[in-house]
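Hi,

Here's the structure I promised to pass along. Have a look at it first, and then read on for my notes.

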Amino acid sequence: LFTAVEMAPRDPILGLTEQFVADTNPKKVNLGVGVYYDDNGKLPLLQCVQKAEEKMMAAHAARGYLPIDGIAAYDAAIKSLVFGADSEVVKAGRVATVQALGGTGGLKIGADFLHKLNPQAKVLISDPSWENHRGIFRDAGFTVETYPYYDADKRGINFDAMLTALGTAEAGTVIVLHACCHNPTGYDLTPAQWDQVVAAVKARKLVAFLDMAYQGFAQGIAEDRVAVEKFIASGEDFFVSTSFSKSLSLYGERVGALSVLCQDKDETARVLSQLKIVIRTNYSNPPTHGGQVAATILNTPELRTLWEQELAAMRVRIKQMRTAIVEKLKAAGVQRDFSFIAHQVGMFSYSGLTKEQMLRLRNEFGVYGIDSGRICVAALNSRNIDYVAECIAKVVQ
Ligand code: LMR
């Protein structure tokens, strides 16, 4: 049965972690996967999560099946987080939200549903994009192509080319957009550019699918909603997948969601019923623990405040690491101007290092980043930053 089965390539992000774990170099640093570590290099267990778990443990709740679409209080909290606490579209019952297995799960549920609706549609992802976007939409049955995004010479966004691609896409094409903290480049659209993107999506009758895995890591929870708000104002239907992997440091709990904005209550009920079929036929219903933790935090005012403080601290520390690495590279004698790292946002920096340089960093120095040149700035800390700067200095000279 399996004689013809070929060995699949290693995952470009999670496969790297496997290699990192096996590396015996005591100085090794993992700047590959998008995970936030604190200044001691530790994966944080947030205070708000600990307090929520204490509350949950005290309640000694049994673990029945969750509803197919997840915990009702969780879905309600997602709606207010993603669309805003006073959102008119939420009040009008126009948002279908389902709990999902991380942001990836939200993308997959949306992709499967969209493919049932319009199997002929093309999907456009940004060039470059998160490494898994292509696979998720391709394996849902779509032809996946790209729209221009990153401009290496300018170290920024090739916005004119992006807009031209959207302006010539066929009606019904699904456009996957990074709502904030573009992964991998760290370059986000300005609010004025979002206006133009939204107008192009509307004019060409395209379908926007926002991936918002990093809400709160660019400017703040409300500020990072800018793309969502502009799509709401356009009156168009759209999809948005979200995740608590990073913002609650709940990576292994797989806590995310998919929300779909519809035209009215009746349409929302019909869309929700179809999303539930996708979930039921894939994994039946979501797990309890992570969703309950998130719901407890978001629906308990003091835990919510604590979370916002902890999230802000993560955001600020990443920014400090951006400035620090720029300075350390200069101090290590690097001539090339790396000041752009301080202007990028989110967890990542598209460093501009070549694949060869990334391989040297990994193989000679145990510094792991993605072949594309992406490094996770959120994994830098005061203990490893000098070493990382020295190693980068060696490979760029
Ligand atoms: C990343 O981009 O590193 C993260 O989103 C983790 C993942 O699943 O790829």
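Below is what turned up, going from the core to a helix and then to the ligand. Keep in mind that this is a predicted model.

Let's start with the core. The largest nonpolar core has 120 residues, and the members touching the most others are Ile175, Ala208, Leu210, Met347 and Val377. Helix α12, residues 301-331, supplies the largest share of this core, with nine residues. Both domain 1 (14-45 + 304-396) and domain 2 (65-287) contribute residues, so the core lies between them. If you want one residue to click on, try leucine 210: setting aside neighbours within four places in sequence, its contacts are Leu177, Ala179, Ala227, Val228, Phe238, Phe239 and Val240.

Now for α12 itself. With 31 residues at 1.5 Å a residue, α12 should span 45 Å, and its end C-alpha atoms are indeed 45 Å apart, so the two agree. The buried residues of α12 include Leu303, Trp307, Leu311, Met314 and Ile318, but also Arg315, Arg322 and Lys328. What do they pack against? The partners of the buried α12 residues are α2 (47-59), α11 (289-299) and α14 (385-396). Just past the end of α12, glycine 333 has a positive phi of about 90°.

Last, the ligand. Around the ligand you'll find Ile13, Val33, Gly34, Trp130, Asn132 and Asn183. That shell splits into three nonpolar and three polar residues, with no charged ones.

Happy browsing!

Methods:
Residues are numbered from 1 along each chain as its sequence is written. This is a predicted model: local features need pLDDT of at least 70, side-chain atom pairs count only at pLDDT 80 or more; totals for chains, interfaces and linings use all residues. A nonpolar core is a set of buried Ala, Val, Leu, Ile, Met, Phe, Trp, Tyr and Cys residues joined through C-beta atoms within 7 Å. A residue is buried if 20 or more other C-beta atoms lie within 10 Å of its own, exposed if 12 or fewer, and partly exposed in between; C-beta atoms are placed from the backbone. Helices (H or I, at least four residues) and strands (E, at least two) are DSSP runs, numbered from the N terminus. Domain bounds come from an automatic or database domain assignment. Two residues are in contact if their C-beta atoms, placed from the backbone, lie within 7 Å. A residue is near a molecule or strand if its C-beta atom, placed from the backbone, lies within 6 Å of it. Ala, Val, Leu, Ile, Met, Phe, Trp, Tyr, Cys and Pro count as nonpolar, Asp, Glu, Lys and Arg as charged, and the others, Gly among them, as polar. The expected span of a helix is 1.5 Å times one less than its number of residues.
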